[in-house]
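Hello,

Here is the structure I promised to pass on. Please open it first, then read my notes below.

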Amino acid sequence: MKKKPAAKKRVRRPAETKSEATRRILMERALAMFQDRGVEATTMRDIARASNLSLGAAYYYFPSKEALIFAYYEQNQQAMEELGLRASGTLRERLGALMHGKLESIRPQRAMLGAIVARLVDPGDPVGAFSAQTRAVRERAIQIFAETLAAGGLTPPAISVAAHTLWLLQMATLLVFVNDTSAKSARTHGLVDDGLDLLVPLLPLLATPPGRAICERVTTALGRAGIALAPQSS
């Protein structure tokens with residue numbers, strides 16, 4: 001009878017508490033299994049066993065698979081915020097660094113995200129990109145774009161419209177990315193460049209009186225539809 005592979009030994013990193021190490025290892029094992037098997041086919045018991053933990057201990061740190069996915073979102077968002085602080089150059093270059101960097105940051109989990117792509121675009125699904133549960137991470141992602149745009153002399157309504165537009169472009173490229181079979185995901189990276197080359201030259205127009213009026217009308221119209229664009233400081 002074939003023996004099951006033994007669970008990997010848990011190893012603490014320097015200056016890492018036992019609790020931090022356990023949480024990190026659960027995340028690492030879960031993401032590896034989600035990537036290999038898919039989220040639906042992986043159980044919390046599988047994750048606990050792979051982490052050399054009891055099921056109860058695993059639930060103590062993460063009450064569900066969705067909680068692990070939320071933790072992944074948070075981890076990825078922190079990486080993007082750090083990237084935003086490091087990005088330099090022209091506005092086009094900084095936006096390019098953010099959007100290309102986002103794609104590369106999710107590359108290790110591309111199969112996992114591809115397996116739940118239908119959930120990502122479902123606003124009623126807790127792990128969806130438009131859900132109430134992911135609102136805080138979504139707003140932080142939009143804020144990175146807003147901060148990058150802030151030096152461009154745009155009004156707060158214009159920054160808000162532009163930042164939300166860039167975030168939607170990013171979401172569209174992520175959906176393409178998870179199914180991109182081209183070498184080094186060249187098609188998706190090309191889509192990012194084409195989108196930015198189209199949008200960035202238009203941004204100064206938003207600082208003109210007609211552009212400001214359009215932004216205000218867009219914000220008002222979306223607000224009536226129940227889609228509130230959070231105002232961004234200039």
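**Salt bridges and the first helix**

Glu66 is partly exposed, with a relative accessible area of 25%. The model is a predicted one, so please read every value here as computed from it.

Glu66 has a charged partner. It forms a salt bridge with Arg119, and the closest N and O atoms are 3.2 Å apart. Glu66 sits in helix α4 and Arg119 in helix α7 (residues 117–120), so this pair ties together parts that are 53 residues apart in sequence. Arg119 is buried, with a relative accessible area of 17%. The cut-off for buried is under 20%, so Arg119 falls inside it while Glu66, at 25%, does not.

How many salt bridges are there by this rule? The count comes to 13. Two more are worth a look.

Take Glu74 and Arg140. Their closest N and O atoms are 2.7 Å apart, and the two form a salt bridge. This pair also links distant parts of the chain: Glu74 is in helix α4, Arg140 is in helix α8 (residues 135–149), and their positions lie 66 residues apart in the count. Glu74 is partly exposed at 26% relative accessibility. Arg140 is partly exposed too, at 27%.

Now Arg135 and Glu139. They form a salt bridge, with the closest N and O atoms 2.7 Å apart. Both lie in helix α8, four residues apart, which is about one turn of the helix. An α-helix has 3.6 residues a turn, so residues three or four places apart point the same way. Arg135 counts as partly exposed at 49% relative accessibility. Glu139 counts as partly exposed at 38%. Elsewhere, salt bridges with shared partners join Glu40, Glu66, Arg119 and Asp125 into one network.

Next, helix α1.

Helix α1 covers residues 18–37, which is 20 residues. At 1.5 Å a residue it should span 28 Å, and its end C-alpha atoms are 28 Å apart, so the two agree. Which residues of α1 are buried? They are Ala21, Thr22, Arg24, Ile25, Leu26, Met27, Arg29, Ala30, Leu31, Met33 and Phe34. What do these buried residues pack against? Their partners are α2 (44–50), α3 (55–61), α4 (65–86) and α6 (110–115). Helix α4 is also the home of Glu66 and Glu74. After α1 comes Gly38, with a positive phi near 100 degrees.

Best wishes

Conventions: Residues are numbered from 1 along each chain as its sequence is written. This is a predicted model: local features need pLDDT of at least 70, side-chain atom pairs count only at pLDDT 80 or more; totals for chains, interfaces and linings use all residues. Side-chain values use heavy atoms; hydrogens and water are left out. Helices (H or I, at least four residues) and strands (E, at least two) are DSSP runs, numbered from the N terminus. The expected span of a helix is 1.5 Å times one less than its number of residues. Buried means under 20% relative accessible area, exposed over 50%, partly exposed in between (1.4 Å probe, protein chains only). Contact means heavy atoms within 4.5 Å. A salt bridge is a side-chain nitrogen of Lys or Arg within 4 Å of a carboxyl oxygen of Asp or Glu.
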